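Me: Please take a close look at a single part of this model, the surroundings of one bound ligand, and explain them step by step for someone new to structures.

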Amino acid sequence: MNATAVETLVPILGSITEVREETHDVRTLRLDLADSEEAESFTWRAGQFVMVSVFGAGESALTITNPPAQKGFIEVTFRQMGTVTSALRRLSEGEPVGLRGPYGNSFPVEEWRGRDIAFVGGGIGMAAVHAPLWDVLGNREAYGEITVMAGAKTVADLVYRNEAGRLRDIPGVRVIQVVDPGGEEPGWDGEVGLIPQVFERMGLSGRDTTVVVCGPPVMLGFMLQATTRMGTPPSQVITTLENRMKCGVGYCGHCNVGEFMVCRDGPVVSGEVISQLPNEF
Amino acid sequence: MSKVAPAGSGYQTAGEWAPRIVAFTCNWCSYSGADMAGTARLTYPANVRIVRMLCSGRMDPLFALKAFEEGADGVLVSGCHPGDCHYVQGNLYARRRLEIFADLMELLGLDPRRLHFAWVSASEGVKWSELIGRVTRSVLEAGPNGEWLSAPTAEFSSAKLPEPGPPPRTAPTRDANAATTSHLRQLARRLLEEGEVSRVIGYAEGAQSDQMVPAFVETPEDAERLVWNERCYANLANYAVHRSGGATALIAKTCDAKSIAGLLRENQLRRDEVVVVGVSCSGIWHGDRLAAKCYGCDEDVSPLADWTVGPDGTARGSIPAAGRDTSPDPRDAALEALSSLPPDERLAFWQGEFDRCIRCYACRAVCPMCYCDTCITDKHRPQWISAPQSGPGNTSWNVVRAMHLAGRCSDCDECARVCPSGIRLDLINRSLAQGIKRKYGTMVSADPAVKTALTTYRPDDAGRFV
Amino acid sequence: MEQAGWILDEEQWKAWAGSLPASGCRVIAPARGPRGEAAFTKTDDADQIARGYPGKTQMSPKEFLFPRSETLFEFRLAGNTVTLVRPPRSDNKQVLIGLRPCDAAGLRRLDEVFLQDPADEAYEHRRNQTVVIVEACTEATPSCFCTAVGGSPGGTEGADLHVTRLGGSGRILLRAITQTGSELASAASASWARATEADFAEAGDQAEAVSSSIRRQPLPARTPELLEGSFEAPEWEVVASACIGCGICTYACPSCSCFDIADTGGAACGSRCRSWDSCAFGEFTKHASGHNPRPKQSARYRQRLMHKFAYFPSQHAGQLMCVGCGRCIDLCPAGIDIHQAVLALAGAARAAHRGADEGVPV
Ligand SMILES: Cc1cc2nc3c(=O)[nH]c(=O)nc-3n(C[C@H](O)[C@H](O)[C@H](O)COP(=O)(O)OP(=O)(O)OC[C@H]3O[C@@H](n4cnc5c(N)ncnc54)[C@H](O)[C@@H]3O)c2cc1C
Ligand code: SF4
Ligand code: SF4
């Protein structure tokens, strides 16, 4: 738990120091804490999230998208959905936000050492795979082959599209971009199809690959089926749950899936655990 | 209280209170009228903020509430003269709806000097400037609108409302109940056996004897669970909607059948989806107290009934019993007691009532006529009804609930029965219904083909618009 | 352990309890609500504080620790500078008097939620200021089922002080259960008669008599495990068929703790407020995208029951979250009976197990 928060449900203050447009409705923000001591002691692990406040609009749970090695600031990538995310989108550089966290568990990046890893993100789901991806790449030699598959409805909806070049320059990293049929543009050299199908066609070794996959619930379902067919053990399929939540710390009662509290026991969860949860996510 | 600027002194003196008035005007007539006043350099007090709408028919009572909540001291709604509406009849609907809204605000004790309605055409710059002068004076007289959000200090509580008089009828005998029950079971079994319906929704004994619980009977054998007695409080109409797979037989008291009529009228239910089993009902009783709604109920068995079931047997169609004793509705006496209070005491009374609201939304959930997919109170872009369970949000919630039901409420009083805080929702509904009847001559009809009062108009409706 | 207790007559009791407000405590006691129902209310009236009451209050006392709505902080924005102001917290002692054993047990369930690590400071502060005086039940109402969930009409869980009105004799047995309780009583207790073994025994018999008047069946052993395995059971549709989706049960319940957080006000100033919320509402779990993990009312009803009787126990060493007060039964507009519902589900699950054991298709 972050020791600097005065009170659990009262945010600490920060501000937007950089705004990057990802797509027409997705933005990345760099957030810096107002207090330098707080910034110093603010540490997190890949996969954790923060509650971001826009004062007057409310709070939203957003995954921290930059790797923990980047001390002193955090980044979040959000899609404009409703009240809070719309208000967040209206803010520009210099404007204040509130932050609580970091909350939740994290990706077991240490356990993946020596293995091949596939990072698969559908739409805004890319936000959730971003921190563990860069965390792993920060320690490149400890891991095997890295595959990054980014999917979206259309080319224009691909989140972190500009990062593909930088990723491809790293040895042993493969980047595949996928758009839904009909979502391609003239000159599109990526894949066209549904992520689970494209993924299954890639000829990855199911047994040696850890699959990190985040995206809409329907896509997750098909990915679980695909990885089962590929022989990936459920414990090596890792995803994140995204249930509505208000407090982030286990009081408010909104986010549970059976006994599993997404805010505390999650959001990161393996296919093995998911298969034991009631279907309420 | 802050110092009040004397009328005619220029209003906006530093340090003194100046009334804040929000004017909702239609785009086509009144806004142009205001504009005309400006171009003609007619002077009028500068206390008015104009909110332009396309038509006065767009005026939602929520807008006025929000204005008051945010600190307005007065609200004015202005549209085209009858007959001049850009959209032909928007202002005529508005006239009825806002008339009833003004009635409600009066019941709740809002000072009538704060709420104004007018017709101003595009050429009536002079009328506009005079109107604003008049409205401003009226709001000045009323003073700052502090009380709208003030904490309740009610002298008068619902405990002081007059007690209902002796009931005009007695509770049905055990034998009569047993006979009705047995006829109901027979009919239910038959309807299920013959495949005329795939379920019967009625009442069964619960674990506690003081209340019968809804029963969903799908097999002929299961019909044995059904019961009828004077403790069958619930209105079951709600349960008939959104069912697939065959028709539903619904056991209905006369008041419940009015809700069925409402659901048919508003296309929430198709006539072939429901078989109405009217029960001959002598009122529902809580111990030896007859429910208020039953005192004046002179209709036994709804005209909508496909079957009539009573102690004497079962018949096809609607067979009303003859010669029913009624006596004046006790809610009317309570309303009279309230209306004899000065407005500020009435306001304190209702604020005391609304202050207890815990926003459980049982009133909404139980109401057959509350069927919106997403209730306005759950919408938060913008957040019309503030979320905290206190003050302004509670008042807005209760006003909005009442307004959405105005002219549609079928008088089953379920909201008042289930409200855990005992808020007198029944008085609010009753008062609106009585106002509508007085002004427009119609009560909500048991006939689905008859339109409700606020979905129609007459060109010559009276009202507060000047 | 030796029990500390005193025997007071009605005068002594009233003199002590009635003087609590004068000693600076905010006293909450059962009073008559607007419809004549019993309701916990802040009062300074000695008669009211000391009087006692039959049955139970309509709403639980939880709002005095977990208010219906509470401001977490106010914010002010000037340019790009935000100031957060936390509302002042009272340091006055709060005495909740006349709670039934189930009420006090309910507060202990709230503690499990709000005093976990990290603790909710607003709740914790209030909790630390609060002394709970429980009054043993002298009768059970038809909806009471504390004995079915491990409670007792004479129970002391969550009590700092415990009062038993010894049958008709005008004698009151006052017991200190915690240090906090004996401190509250310490100013006067020197002048009270010590209770004897016989007095304790009489109180015990009285609780026993009330217990045995409760007709409602105990829950089967291993109810949490039974329910756990019945997530997909068809019975959920049946028990929830009449549920209309209001929030009464959750708001009346002494142990329901869910809340919503919302901002009010504009961009320049306003506040963040938390208010009770209910798992019975469809919006409770609905995502911004429209996706709803619990799309049906039966799923929402199942959540409430499972939370009370399966999830919470598995997170808290088997302890049920429901304390058997029966309020949700009394107030449910559709007459749904939680006790019957749990019995039905647990019964069905047991039958299914037995069926499976015997190889009978289920
Ligand atoms: C652990 C976690 C991590 C997340 N990470 C990201 C991310 O990196 N990028 C991103 O774009 N989105 C993320 N989300 C989803 C994001 O929180 C919601 O899209 C956002 O809260 C919607 O809020 P709103 O006010 O714009 O929408 P509204 O529909 O106005 O929502 C109102 C309230 O409902 C709740 N809510 C609605 N939808 C969701 C949801 N899907 N999940 C949780 N709460 C919800 C919020 O409390 C919100 O304040 C994450 C969610 C969770 C639980
Ligand atoms: S039933 Fe009563 S307490 Fe519940 S929301 Fe309606 S008015 Fe408020
Ligand atoms: S679930 Fe019902 S019976 Fe159990 S503690 Fe809550 S209100 Fe009381």
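Reply: A polar contact here is a pair of N or O atoms within 3.5 Å. With that cut-off in hand, and keeping in mind that this is a predicted model, we can turn to ligand 1. An oxygen atom of ligand 1 is 2.4 Å from an N or O atom in the side chain of Thr85(A), and an oxygen atom of the ligand also lies 2.7 Å from an N or O atom in the side chain of Ser60(A). From chain C, His287(C) places a polar side-chain atom 3.3 Å from a nitrogen atom of ligand 1. Taken alone, ligand 1 exposes 830 Å², and the protein buries 93% of that area.

These residues belong to a wider shell, for 25 residues surround ligand 1, and the closest are Ser60(A), Ala61(A), Thr85(A), Glu242(A) and Ala288(C). Because the residues around ligand 1 come from chains A, B and C, the site is shared between chains.

Within chain A, strand S4 (58-63), strand S5 (73-79) and helix H2 (83-90) each supply at least two residues of this shell. It is S4(A) that gives the most to the shell around ligand 1, contributing five residues.

Sorted by class, the shell around ligand 1 holds 11 nonpolar residues, together with nine polar and five charged ones. To bring the picture together, the surroundings of ligand 1 combine side-chain atoms of Ser60(A), Thr85(A) and His287(C) with a shell to which chains A, B and C contribute.

Key: Residues are numbered from 1 along each chain as its sequence is written. Chains are lettered from A and ligands numbered from 1 in the order in which they are written. This is a predicted model: local features need pLDDT of at least 70, side-chain atom pairs count only at pLDDT 80 or more; totals for chains, interfaces and linings use all residues. Side-chain values use heavy atoms; hydrogens and water are left out. A residue is near a molecule or strand if one of its heavy atoms lies within 4 Å of it. A polar contact is a pair of N or O atoms within 3.5 Å; within protein, one must be able to donate a hydrogen and the other to accept it, and residues adjacent in sequence count only if both atoms are side-chain atoms. Accessible areas come from the Shrake-Rupley method with a 1.4 Å probe; for residues, only the protein chains shown count as cover. Helices (H or I, at least four residues) and strands (E, at least two) are DSSP runs, numbered from the N terminus. Ala, Val, Leu, Ile, Met, Phe, Trp, Tyr, Cys and Pro count as nonpolar, Asp, Glu, Lys and Arg as charged, and the others, Gly among them, as polar.
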